[in-house]
Amino acid sequence: MDELRFACQPGCTRCCNQQGFVYLTEEDLRRAAWFLGLTPQQFERQFVYRTRHLLRLRKPRGRQCHFLLEDGCAIHPAKPTQCRLFPFWPELVESRRAWQQTARLCPGIGQGPLIQIGTALETASEMKQAYPGLYGRGAGARRRR
Ligand code: SF4
Ligand code: SF4
């Protein structure tokens, strides 16, 4: 895989509707709280599940995400890192097969300008830095959304 194409499609919310979890960094939590006019503590109490190594958004009953509206993300300018970087996740850009499989759910894959693989891998490395609890040693079994 030398180069990719991607352009997020207006009005699409398919990735947000996939089964899985949305993980946050501490900075993601503070930014989303500020965006909603809440303190980080209030935001965490209401929306976040914290384990020893990870923070993730709580899921409302029968839906994938509290912030998913019909026409998009209610916290779009402050959305979590994994949402902002999708589909440039390490497990997707490092595997042609995984990228092609993801193209079945994401209509933005294959659209837009050419992106060199080096640029895509650089973006993916931001994921690894942001979520050491997911990409660090021994973290392979944890699932992202
Ligand atoms: S599925 Fe793809 S095109 Fe649709 S919102 Fe997600 S990233 Fe954008
Ligand atoms: S936080 Fe926003 S972008 Fe992320 S899954 Fe929820 S609705 Fe989608």
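What follows walks through the fold, the sheets, the core and the ligand surroundings of this predicted model.

Starting with the overall layout, the protein has seven helices and seven strands. Read from the N terminus, the elements go β-β-α-α-β-β-β-β-α-α-α-β-α-α. The radius of gyration comes out at 15 Å, close to the 15 Å that the globule rule gives for 145 residues, so the protein is as compact as a globular protein of that length. Along the principal axes, the C-alpha atoms fill a box of roughly 45 × 35 × 25 Å. Some 28% of the 145 residues count as buried. As for how the chain folds back on itself, take the contacts with a separation of 6 or more: 72% of them involve residues 24 or more positions apart.

On to the strands. Strands of a sheet pair through backbone hydrogen bonds, either parallel or antiparallel. Here, an open sheet of three strands runs in the order 2-4-3, with antiparallel pairing. Strand 2 and strand 3 sit at the edges, each pairing on one side only. Three bridges hold the antiparallel pair of strand 3 and strand 4, and Tyr 49 has Arg 56 in strand 4 as its bridge partner. Elsewhere, strand 1 (residues 3-6) pairs with strand 7 (residues 109-116), again in the antiparallel sense, over four bridges. The side chains of strand 1 alternate: Leu 4 and Phe 6 point to one face and are buried, whereas Glu 3 and Arg 5 point to the other and are not. Phe 6 also has a bridge partner in strand 7, namely Ile 109.

Helix 1 (residues 26-36) has its own set of buried residues: Asp 28, Leu 29, Arg 31, Ala 32 and Ala 33. What covers them includes strand 2 (23-24), strand 3 (48-50) and strand 4 (55-57), along with helix 2 (40-47) and helix 3 (81-85). Just after helix 1 comes Gly 37, with a positive phi of about 75°.

Then there is the core. In soluble globular proteins, nonpolar side chains tend to be buried together. The largest nonpolar core in this model has 29 residues, and Trp 89, Val 93 and Ala 124 touch the most other members. Strand 1, strand 2, helix 1, helix 2, helix 4 (90-93) and helix 6 (117-130) each give two or more residues to this core, with helix 6 providing the largest share, four residues. Setting aside neighbours within four places in sequence, Val 93 is in contact with Phe 88, Trp 99, Ala 120, Leu 121 and Ala 124.

Further along the chain, Leu 134 is found in helix 7 (residues 132-135). Leu 134 counts as buried because 22 other C-beta atoms lie within 10 Å. Its C-alpha atom is 7.9 Å from that of Leu 54, although the two are 80 residues apart along the chain.

Finally, the ligands. The residues around ligand 1 are Cys 8, Gln 9, Cys 12, Thr 13, Arg 14, Cys 15, Phe 86, Pro 87, Cys 106, Pro 107 and Gly 108. By class, that shell has seven nonpolar, three polar and one charged residues. Around ligand 2 are Cys 16, Val 22, Cys 65, Phe 67, Leu 68, Cys 73, Ile 75, Lys 79, Pro 80 and Cys 83. This second shell divides into nine nonpolar, no polar and one charged.

Methods:
Residues numbered from 1 in each chain as written. Chains lettered and ligands numbered in written order. Predicted model: local features only at pLDDT ≥ 70, side-chain atom pairs only at ≥ 80, totals over all residues. Buried ≥ 20, exposed ≤ 12 C-beta atoms within 10 Å, placed from the backbone. Contact = placed C-beta atoms within 7 Å. Pairing = 2+ DSSP bridges. Rg over C-alpha atoms; globule rule 2.2 N^0.38 Å. Near = placed C-beta within 6 Å. Nonpolar A, V, L, I, M, F, W, Y, C, P; charged D, E, K, R; others polar. Core = buried A, V, L, I, M, F, W, Y, C linked by C-beta atoms within 7 Å.
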